[in-house]
Amino acid sequence: MTSPLLRLTGINKSFGPIDVLHDISLEVNRGEVLCLLGDNGAGKSTLIKILSGVHKPTSGTMDMDSKSVAFDSPRDASDHGIATVHQFGGTFPLMSIGRSFFVGAEPTRRWGPLTIYDRKRANEIAVTEMRQLGITRIDDGDRLVGGLSGGERQALAIARAVHFGASVLILDEPTAALGVKEAAHVLRIVLQARRKGIAVIFITHNVVHALTVGDHFAVLIRGSKAADFRKGEKSREAITDLMAGGEQMAELEAEIESFSAADNGHAPQGASHA
Amino acid sequence: MTSQAHHQSAVAATAPPAPHSSMPSIGSLVRRPEVGSLIGMVAVLVFFSIFGGANFMSAGGAASWLNVASELGIIALPIGLLMIAGHLDLSVGSMVPASSMTIAILSGHYGLPIIVGILAALGLGLAVGFINGVLVIRTKVPSFVVTLATLFALAGLTLGLSVILSGSTSVALKSGPTAKLLFGDYLGGKFEVTLFWWIAAILIVGFILNFSRFGNWILAMGGDAVSARNAGIPTDRVTIALFMSSGLCASFVGMSQAILYNSAQVAAGQSFIFNSIIAVVIGGVLLTGGYGSVVGIVLGTLTFAIVNQGIFYTGFDANWASLIIGVLLLAAVLMNNTFRTMALTYAPRAKSRTR
């Protein structure tokens, strides 16, 4: 366990003249949650796209298990055990849970001379895997994915990644569009995935969520890694300030403070009648 | 609802994680997307049975709309698959006459064996489908535009070549008894043999969509093409295969029409463009892709054919048929939306109420 599962060294990425990522080095270990924090436009999505094989880095190297890797396509990355789950689950709302779970890797069985899609087995496995992640409401794999809540869709996508043996699970803002309860559930699932020894890369700009599940944190600011620290090394306020780029946040808070004080904590008069 | 919940909990008690497959409850039946199309078809059937009199319900009446349904249905099935995958194919409107003219010119005008004409016609369909598919995946131009272009190009090509080769826009075709029996005969003097080809096509397409991996790929592509490709689905190959199947089916209909009517015209078949789309949409397929069923497509085709032919059995002026179809299309889409929404609501069962 001395060598990290995934190591990025000096990753640079530019699109034409625009440098998006600058000299990013990261390590991700098995059974650990790495929280990737950063404001909008900090380069988080570009970094995810490099990890998941959508983009190739302009320079820099990636190693998995101390072996150098380069991904030609998202398919290539997922063959290496890197699974990416997007904000809305990246699933198909009008497909059944079973079909969506096994898309591209459908289980089959013989039926006379024909090889057919094994709907019953697909549904059973999908439902069982989701139950293991604590989604007990789902008991019918024929139901459509669109009938699931946002958190359940995340769970479906994570269950899928786990089932297909992902060793690195990239979660792109999984809690951003969720309510408080649903977000808590997804965070619990993240911890369950970690317990299975999966390396989780958790992208968020919600510091509270990050602190709840993270073991290791990296903050991106304008394409560079501004901080890299372990759990407990920095306070929540310090992280928020870092993400917002330092002092601006304190200034903004002071501004809000003075605004609220001037209007006794209410909106300015007249606004309510508008 | 309570009895249903009771039934569910009983099932859940015996085998917790296993999804129940054998006995669908009434609730899940209502959530079947085909219910909307079924209601629509029954409604028009009842309507025309009442207003169409005894003739509509006779064998001859049934044949008149089943014949229309079978020709349209053979084209509507692959069009439905394409639409589920998020594509359209308008070029079938030119493919039908192009195929008719191919067989008529080769086997009628030049007197080649009928099998040559049949194979050439079907081969042309596959080729046009292949071109459509390649153009769509290479240019990334929406298939609506690509197939609109091939629709016109093929129509022009058919007209131009027909006049050059045969000097006419209408060519006679005499085919032997075997070809006649297989593709262009009437059973009992009323029912076209195309009906059996349609049934065969329903079985094949039904198998593909519901029981093959390929079917899952079609659904996934229509749902989200990028995710589908990332999941390892060969989306380019699937797209080309689907366009080739619609080309093949359209050319089959053109070819069998030529054998049935013993002649081919340059300007026949344009009605298939919209009629196939109408049948598929009435059948509950989502125009934007990702959703649809073969049962729905078949029901939509039957509905269209009943309205189209049923009007002649009523005392109404046949000119009103298009009005009925227009209204029906709108009503069907709204009803299908409702049933789709119902299918999407995952009724919280058993324990949810305590949560």
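**Exercise 1. The make-up of chain B**

How many helices and strands does chain B have? Work out also what share of its residues is buried.

Solution. The model is a predicted one, and in it chain B has 15 helices and four strands. Turning next to burial, we find that buried residues make up 51% of the 355 residues in chain B. As a last step, consider the contacts in chain B between residues at least 6 apart in sequence: 78% of these join residues at least 24 apart.

**Exercise 2. Two helices of chain B**

Describe how helix α13 and helix α15 of chain B are placed against each other, and say which residues meet.

Solution. Two packed helices are described by the angle between their axes and the distance between the axes. Here α13 covers residues 271-282 of chain B and α15 covers residues 321-344 of chain B, and their axes come within 9 Å and cross at roughly 35°. The crossing of α13(B) and α15(B) is left-handed. From α13(B) the residues B:Ile278, B:Val281 and B:Ile282 take part, and they meet B:Ile325, B:Leu328, B:Leu329, B:Ala332 and B:Val333 of α15(B). Sorted by class, this contact of α13(B) with α15(B) consists of eight nonpolar residues, with no polar and no charged ones.

**Exercise 3. Where B:His109 sits**

Is B:His109 buried, partly exposed or exposed? Place it also in its helix and among its contacts.

Solution. B:His109 is found in helix α5 of chain B, which covers residues 92-109. To count as buried, a residue needs 20 or more other C-beta atoms within 10 Å of its own; B:His109 has 19 such neighbours inside 10 Å, and therefore counts as partly exposed. Leaving out residues up to four places away in sequence, B:His109 touches B:Ala104, B:Leu165, B:Ser166 and B:Val171. For B:Val171, the separation from B:His109 is 62 residues in sequence, while the C-alpha atoms of the two are 7.0 Å apart in space.

**Exercise 4. The contact between the chains**

How many residues does each chain give to the contact between chain B and chain A, and which helix of chain B gives the most?

Solution. Chain B supplies 31 residues and chain A supplies 30 residues. On the side of chain B, α10 (213-223), α11 (225-230) and α15 each supply at least two residues, and α10(B) gives the most, with six residues. By class, the side of chain B that touches chain A has 16 nonpolar, twelve polar and three charged residues.

**Exercise 5. Domains of chain A and the largest nonpolar core**

Find the two domains of chain A, and explain why the largest nonpolar core lies between them.

Solution. The domain assignment gives domain 1 (6-230) and domain 2 (235-274) of chain A, and 34 Å separate their centres, taken over C-alpha atoms. Their contact takes ten residues from domain 1 of chain A and seven residues from domain 2 of chain A. In the largest nonpolar core, which has 178 residues, A:Leu169, A:Val200 and A:Phe202 touch the most other members. Helix α12 of chain B (residues 235-261) contributes the largest share of this core, 14 residues. Since domain 1 and domain 2 of chain A both give residues to this core, it lies between them. Finally, take A:Val200: apart from its neighbours within four places in sequence, A:Val200 is in contact with A:Val33, A:Leu34, A:Leu169, A:Leu171, A:Val190, A:Ala193 and A:Arg194.

Conventions. Residues numbered from 1 in each chain as written. Chains lettered and ligands numbered in written order. Predicted model: local features only at pLDDT ≥ 70, side-chain atom pairs only at ≥ 80, totals over all residues. Axes fitted to C-alpha atoms, helices over the stretch in contact; angles between N-to-C directions. Left-handed = near helix turned anticlockwise from the far one by under 90°. Nonpolar A, V, L, I, M, F, W, Y, C, P; charged D, E, K, R; others polar. Domains from an automatic or database assignment. Core = buried A, V, L, I, M, F, W, Y, C linked by C-beta atoms within 7 Å. Buried ≥ 20, exposed ≤ 12 C-beta atoms within 10 Å, placed from the backbone.
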